[in-house]
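Here are my notes on the model you sent over. I've kept them as short numbered points so you can check each one in your viewer.

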Amino acid sequence: MAEDIAGRGDPIRTLQLMWGRAEGPKRGPKAKVAVADLVAAAVAIADAEGIEAVSTRRVAEAVGISPMSFYTHIPDKAVLLDLMLDGAAGLRIEEAPRFDPAQWRANVTFVASAFREFYITHPWVLQISTHRPVLGPHTMRAYDIFLSAFEGLGLDEVEMDMSVTMVANYVHGAARDVARSRMVKEQTGLSDDEWWYTIAPFLETIDYTPYPVAARVGPVVGELYGLGDPDRAFNFGLERILDGLAILIEGKAKA
């Protein structure tokens with residue numbers, strides 16, 4: 001996956017547009033479209049065709065304005081990328097849930113699963129490097145919901161933020177594997193099963209004696225789920241992370 005970089009545009013102008021603080025032209029006719037319309041169109045193009053298909057011209061045409069008119073709303077593609085990241089970051093949660101701290105494992109699982117679904121729905125997000133956070137309203141709402149899953153557990157503010165970061169990094173990696181598997185299938189024209197059946201006859205001619213552990217484990221998991229089971233792997237890994245968090249939370253309760 002080729003990667004774009006978030007945060008290359010004018011940071012203040014980007015924030016003004018994200019938060020609806022940008023001043024429109026004082027003269028002339030009222031704009032036919034809003035910034036939100038352009039962002040929604042760009043997200044739709046990226047969802048359907050990939051981030052490579054997004055251009056200022058394509059977005060302008062999608063909302064029925066001229067390419068030059070695009071720049072009266074959004075200064076460049078760099079700013080558009082940041083607006084897209086925030087515009088897509090809804091986590092598909094209509095209302096902020098009220099979490100019961102006693103059910104914290106279920107709460108974290110709920111948010112982590114929603115976060116994973118966000119990446120699977122918008123795989124192009126994984127192609128944009130975001131070392132500096134996109135501090136728009138939708139992103140802040142998602143962060144607030146994620147933090148709320150750790151509220152009332154006795155963790156201090158740093159521990160809450162670090163817990164969110166740890167879970168978010170895990171989800172990012174797990175979702176990236178799903179996106180890569182889909183990309184490989186599209187680019188090779190073979191499903192994982194078809195690829196496996198193609199190479200199986202050759203693999204059967206190999207002497208696996210030098211690899212005793214792999215020779216024992218490989219056939220078992222291969223029979224169970226072939227090249228992998230993303231849902232099983234995600235759930236297994238998340239449960240182990242929750243087990244680790246349980247030690248921290250229980251230790252805080254005893255302190």
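1. Start with R116 and D231: in this predicted model, their side chains form a salt bridge, with the closest N and O atoms 3.0 Å apart. R116 sits in helix α6 and D231 in helix α11, so to speak a long-range pair, with the two positions 115 residues apart. The two ends differ in exposure: R116 counts as buried at 11% relative accessibility, because the cut-off for buried is under 20%. D231, at 45%, is partly exposed.

2. R105 is worth a click too. Its side chain makes a salt bridge with E239, where the closest N and O atoms are 2.8 Å apart. Once more the link runs from helix α6 to helix α11, here across 134 residues. R105 is partly exposed, with a relative accessible area of 26%, and E239 is partly exposed as well, at 32%.

3. Which other acid does R105 meet in a salt bridge? That would be D243, at 3.0 Å from N to O. D243 lies in helix α11, 138 residues from R105 in helix α6, and counts as partly exposed at 31% relative accessibility.

4. Put these together and you get a network: R105, E239, R240 and D243 are joined by salt bridges that share partners. For bookkeeping, the whole structure has seven salt bridges.

5. Now the inside. The largest nonpolar core holds 61 residues, and the members touching the most others are V54, V59, M84, W124, F150 and V167. Helices α1, α2, α3, α5, α6, α7, α8 and α11 each give two or more residues to this core. Which of them gives the most? It's α8, with eight residues. Note that α6 and α11, the helices bridged by R116 and D231, are both on the list of contributors.

6. If you want one core residue to look at, try V54. Leaving out residues up to four places away in sequence, V54 touches A42, I45, A46, V59, K77, L80 and M84. Two of these contacts, V59 and M84, are themselves among the core members with the most partners.

7. Last, the surface. I12, L15, W19, L135, M140 and Y143 make a nonpolar patch of about 540 Å². Helices α1 and α7 each supply at least two of its residues. W19 comes from the loop between α1 and α2, and is partly exposed, with a relative accessible area of 40%.

Key: Residues are numbered from 1 along each chain as its sequence is written. This is a predicted model: local features need pLDDT of at least 70, side-chain atom pairs count only at pLDDT 80 or more; totals for chains, interfaces and linings use all residues. Side-chain values use heavy atoms; hydrogens and water are left out. A nonpolar core is a set of buried Ala, Val, Leu, Ile, Met, Phe, Trp, Tyr and Cys residues joined through side-chain atoms within 4.5 Å. Buried means under 20% relative accessible area, exposed over 50%, partly exposed in between (1.4 Å probe, protein chains only). Helices (H or I, at least four residues) and strands (E, at least two) are DSSP runs, numbered from the N terminus. Contact means heavy atoms within 4.5 Å. Patches are made of residues with over 30% relative accessible area and no salt bridge: like charges are joined within 9 Å, nonpolar side chains (Val, Leu, Ile, Met, Phe, Trp, Tyr) within 5 Å. Accessible areas come from the Shrake-Rupley method with a 1.4 Å probe; for residues, only the protein chains shown count as cover. A salt bridge is a side-chain nitrogen of Lys or Arg within 4 Å of a carboxyl oxygen of Asp or Glu.
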